[in-house]
Amino acid sequence: MPDSSYTNVVVAIYQAAARPELWGETLEFVTDYLGADSGMVLHLSALGGDDFIVHRRLRDDLNQLFLEGYTQNPYSYAFARAPVGKALVTEALVERDVLHRSAFHADILAPQGIEEIVAVRHADLSRDGAGGILFNVSKSRAGNAGHAATRLGDLVPHLSRAIDLTLLTSRLNAGQRQLDRLLANLSGAVILLDGRGAILHMTPAAEALLGECGGLAISKGSRLTLTAQMRSDALRLAASVRQALAVARGEERILDDTFQIKDPAGRRTLLVQMTPLPPPAFAPWTAIDGGARVMVQIVDPKASIDTQAERLRRLAGLTAAETRVAALLASGLGLTAAASVLGVSPNTVKTHARQVFAKTGVRSAAALARLVASIPAAPLRLAESS
């Protein structure tokens, strides 16, 4: 460990900004510089499911216990309302007697010998709850808490800026870039939702479909969300989004099959399928990065892809049944969902899909989608000779 002078600490902080895996080591470095015993970067979400702790010298079992049942406590309640960017000792936030009478103190703080907490609230980490940088001081060092807060105050601009840079880096991680490239290559109507169910991205096909069909709509509240015009469909859609987010967080394993959204006028029906997406690579920082957590695929059975699939039928010699399967797979549906739409067994769809792949020379549904998308929906016209 290098000498913990102010300059070296600042250098370490900015190294962690560029390389998030160094935050644990940096927290230990800052802890020693402050004269504290342990340190952490903390995010507690009021929405649930996205809490995390990056720490050094704290017990992992008690951190897990804290996240499972002690996030609502007198200190976190006060910390969520503390001024952003100001280093504060325990008694500036909560009365010591109140804290000591809490189960949080008895089960989490006391077993680790934590007497004082020196903390600074960070804006982005506490965007929807409590979050910031905290350093814990034992009883033998409690008299040093004020000095530690002063030193921490000098580091706040650097720590805050470094965390901002880390969060920005997490939003640009390789997993998200790959997802963006995938989205750009999809020919169907696809919408990506973040961890709160808000709309992140839409393919041009999705934008066009929402503009044309009255069944689905965008709700423009505090954030853009996907909804449906008919109340029963809107409730079903909202419940499916919540379920998909729970699966993405690992809280549930079962997700409902494809469901229908109807046009209030009864002229059109859309098929909607939710696909949970795993968190990007820079966990746990990406818990609040606004990255994609759910992919919503929307299929219009009457869209021009049917015309493109029909032209593929003539070009590749597909049967009528194979053409129907090709159209659904090219729209983004999986084998099970396609079987549900067609009213046949998944094995039947698999058989047709194998024939489609063999006749068209592709090896996957994604390649098939690209092939179908490359076929003009309108008939080709030969240039007239002059």
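## A walk through a predicted fold

At 38% relative accessibility, Leu 165 counts as partly exposed, because buried means under 20% relative accessible area, exposed means over 50% and partly exposed is in between (1.4 Å probe, protein chains only). Leu 165 has its place in helix 7 (residues 145–171); helices here are DSSP runs of H or I with at least four residues, strands are runs of E with at least two, and both are numbered from the N terminus. The C-alpha atoms of Leu 165 and Tyr 14 are separated by 8.8 Å, though the two residues are 151 apart along the chain.

Some ground rules before we go on. This is a predicted model, where local features need pLDDT of at least 70 and side-chain atom pairs count only at pLDDT 80 or more, while totals for chains, interfaces and linings use all residues. Residues are numbered from 1 along each chain as its sequence is written, and side-chain values use heavy atoms, with hydrogens and water left out.

### The sheet and its helices

Now for the strands. Strands of a sheet pair through backbone hydrogen bonds, either parallel or antiparallel. Which way does the pairing go in this open sheet of four strands? It is antiparallel, and the strands come in the order 2-1-4-3; two strands pair if DSSP finds at least two bridges between them. Strand 2 and strand 3 are the edge strands, each pairing on one side only. From one strand to the next, the twist averages 20°.

Strand 3 and strand 4 (residues 129–138) run antiparallel and are joined by seven bridges. For instance, Ile 114 has Ser 138 in strand 4 as its bridge partner. Helix 2 packs on the sheet, touching strand 1 (38–45), strand 2 and strand 4, where contact means heavy atoms within 4.5 Å. The direction of helix 2 makes about 55° with that of strand 2; axes are lines fitted to C-alpha atoms, for helices over the stretch in contact, and angles run from 0 to 180 degrees between N-to-C directions. Helix 3 packs on the sheet as well, touching strand 1 and strand 2, and its direction makes about 160° with that of strand 2.

### Salt bridges

A search of the whole structure turns up ten salt bridges, each being a side-chain nitrogen of Lys or Arg within 4 Å of a carboxyl oxygen of Asp or Glu. Here are some of them:

| Pair | Closest N to O |
|---|---|
| Arg 56 and Glu 28 | 2.6 Å |
| Arg 96 and Glu 115 | 3.7 Å |
| Arg 96 and Glu 116 | 2.6 Å |

Arg 56 in strand 2 (residues 52–56) and Glu 28 in helix 2 (residues 23–34) are 28 residues apart, and their pair links distant parts of the chain. Arg 56 is partly exposed, with a relative accessible area of 31%. Both belong to a wider group, since Glu 28, Asp 32, Arg 56 and Arg 57 are linked in a network of salt bridges.

Then there's Arg 96, in helix 5 (residues 96–100), and Glu 115, in strand 3 (residues 114–121): that pair links distant parts of the chain, 19 residues apart. Glu 115 is partly exposed at 22% relative accessible area. Arg 96 lies in helix 5 and Glu 116 in strand 3, so this pair ties together parts that are 20 residues apart in sequence. Is Glu 116 buried or exposed? Glu 116 is buried, with a relative accessible area of 8%.

### Rings, and charges over rings

How many aromatic pairs does the structure hold? There are three. Rings of Phe, Tyr and Trp (its six-membered ring) pair if their centres lie within 6.5 Å; planes under 30 degrees apart count as stacked, over 60 as edge-to-face and the rest as tilted.

One of them is Phe 66 with Phe 104, a tilted pair at 5.8 Å centre to centre, with 45° between the planes. It links distant parts of the chain, with Phe 66 in helix 3 (residues 60–69) and Phe 104 in helix 6 (residues 103–109), 38 residues apart. Phe 66 is buried at 7% relative accessible area, and Phe 104 is buried at 8%.

Why is the pair of Tyr 75 and Phe 79 stacked? Their ring centres are 5.9 Å apart and their planes are at 25°, so the pair counts as stacked. Both residues lie in helix 4 (residues 74–79), four residues apart, about one turn of the helix. An α-helix has 3.6 residues a turn, so residues three or four places apart point the same way. Tyr 75 and Phe 79 are both buried.

Rings can also have a charge over them. The charged end of Arg 81 sits over the ring of Tyr 77, 3.8 Å from its centre, a label that needs NZ of Lys or CZ of Arg within 6 Å of the ring centre and within 35 degrees of the ring normal. The charged end of Arg 151 sits over the ring of Tyr 33, 4.1 Å from its centre.
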